[in-house]
Amino acid sequence: MVADKGKKMKVGEKGSEDNSEQIDGELVLSIEKLQEIQDELEKINEEASDKVLEVEQKYNEIRRPVYDKRGDIIKSIPDFWLTAFLSHPALCELLTEDDQKIFKYLSSLEVEDFKDVKSGYSITFNFNPNPYFEDAKLTKTFTFHDDGTKITATPIKWKEGMGLPNGVSHEKKGNKRPLTEESFFHWFTDIQQKEMEDISDEIAEIIKEDLWPNPLTYFNNDADEEDFDGEDDDEEENGDGSEEDDEEEEDEED
């Protein structure tokens, strides 16, 4: 009887091993099939990306004359781009007082994708003749490569007595350390090769993706804030008046 039990245990062990091998084999087949499906989806996604780029390139061409028309109107509005920058919650912090004086000569701003959208883009600042530098335009270009982003920019030709300050120190107040402002135009000197794909130019992205599509939103910010302040003032005046009326009524009762 003992021998029979031993035989049954061996048979049972062999059966479980066969079972395990069968399950492992089925699992491998399932994973291989799943990988084939994922490869198929990846191919479709790549085709979709190419189609999206084609559509984007097509509409870039359609947008261009409209952007040009918008630019012509903007040129007739004094300090349009300076106001838009100063009203933007992120860009407003980048302009020093000296930068703001230079921006008064900024006639237009242009953001242009390369014909092959995924290859890069450029941002161009066009200036009227000014006492600060010789350049009529300053351009910063971003070219995308497999190993990173190549950044190039116009070297600024400052006029005699002018130049790019390292920073302006504010007067020290109390125990606080003095703040140092860096000129926005230092941005044009940041032209090193970006070899890591996850490193990006935050200023360029804000200008391209946020400011450029609808700068009127930020140009109107000041006006909106003034209206809002005006409403607050009216409410305060009304509130003061009602308190005075209450005081007068109390005096009459006395």
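This note comments on the nonpolar core, the aromatic pairs, one surface patch and one loop residue of a predicted model.

1. Core extent. The largest nonpolar core comprises 35 residues, and within that core F85 and F125 have the most contacts. Two or more core residues are supplied by each of the helices α1 (2-75), α2 (80-87), α3 (97-103) and α4 (202-211), and likewise by each of the strands β1 (106-113), β2 (120-127), β3 (137-145) and β4 (148-153). The largest share, 5 residues, is contributed by α2.

2. Helix α2. This helix is mostly covered, with 7 of its 8 residues buried. The buried residues of α2 are F80, W81, L82, T83, A84, F85 and S87. The helix that gives the core its largest share is thus also mostly covered.

3. Surroundings of F85. Which residues does F85 contact, leaving aside its neighbours within four places in sequence? They are L91, C92, L95, F103, L109, F125, F184, I207 and L211. F125, which appears in this list, is named together with F85 as having the most contacts inside the core.

4. Aromatic pairs. The count of aromatic pairs comes to 25. For F80 and W81, the ring centres are 5.3 Å apart and the planes stand at 85 degrees; the pair is therefore edge-to-face, since planes over 60 degrees apart are classed in that way. F80 and W81 are both buried, and both are found in α2.

5. Aromatic cluster. Ring pairs join F85, F103, F125, F127, F133, W158, F184, F185, W187 and F188 into a cluster. Among the members of this cluster, F103, F125 and F184 are also in contact with F85.

6. Surface patch on α1. I37, L41 and I44 make a nonpolar surface patch of about 260 Å². L41 lies in helix α1. Is L41 buried, partly exposed or exposed? Its relative accessible area is 40%, so L41 is partly exposed, because that class lies between the limits of 20% and 50%. Helix α1, where L41 is found, is also one of the elements that give two or more residues to the largest nonpolar core.

7. Residue T96. T96 is placed in the loop between α2 and α3. Why does T96 count as buried? Its relative accessibility is 7%, and the class requires a value under 20%. Leaving aside neighbours within four places in sequence, T96 is in contact with E181, E182 and S183. The loop that holds T96 joins two helices, α2 and α3, each of which gives two or more residues to the core.

Key
Residues are numbered from 1 along each chain as its sequence is written. This is a predicted model: local features need pLDDT of at least 70, side-chain atom pairs count only at pLDDT 80 or more; totals for chains, interfaces and linings use all residues. Side-chain values use heavy atoms; hydrogens and water are left out. A nonpolar core is a set of buried Ala, Val, Leu, Ile, Met, Phe, Trp, Tyr and Cys residues joined through side-chain atoms within 4.5 Å. Buried means under 20% relative accessible area, exposed over 50%, partly exposed in between (1.4 Å probe, protein chains only). Helices (H or I, at least four residues) and strands (E, at least two) are DSSP runs, numbered from the N terminus. Contact means heavy atoms within 4.5 Å. Patches are made of residues with over 30% relative accessible area and no salt bridge: like charges are joined within 9 Å, nonpolar side chains (Val, Leu, Ile, Met, Phe, Trp, Tyr) within 5 Å. Accessible areas come from the Shrake-Rupley method with a 1.4 Å probe; for residues, only the protein chains shown count as cover. A salt bridge is a side-chain nitrogen of Lys or Arg within 4 Å of a carboxyl oxygen of Asp or Glu. Rings of Phe, Tyr and Trp (its six-membered ring) pair if their centres lie within 6.5 Å; planes under 30 degrees apart count as stacked, over 60 as edge-to-face and the rest as tilted.
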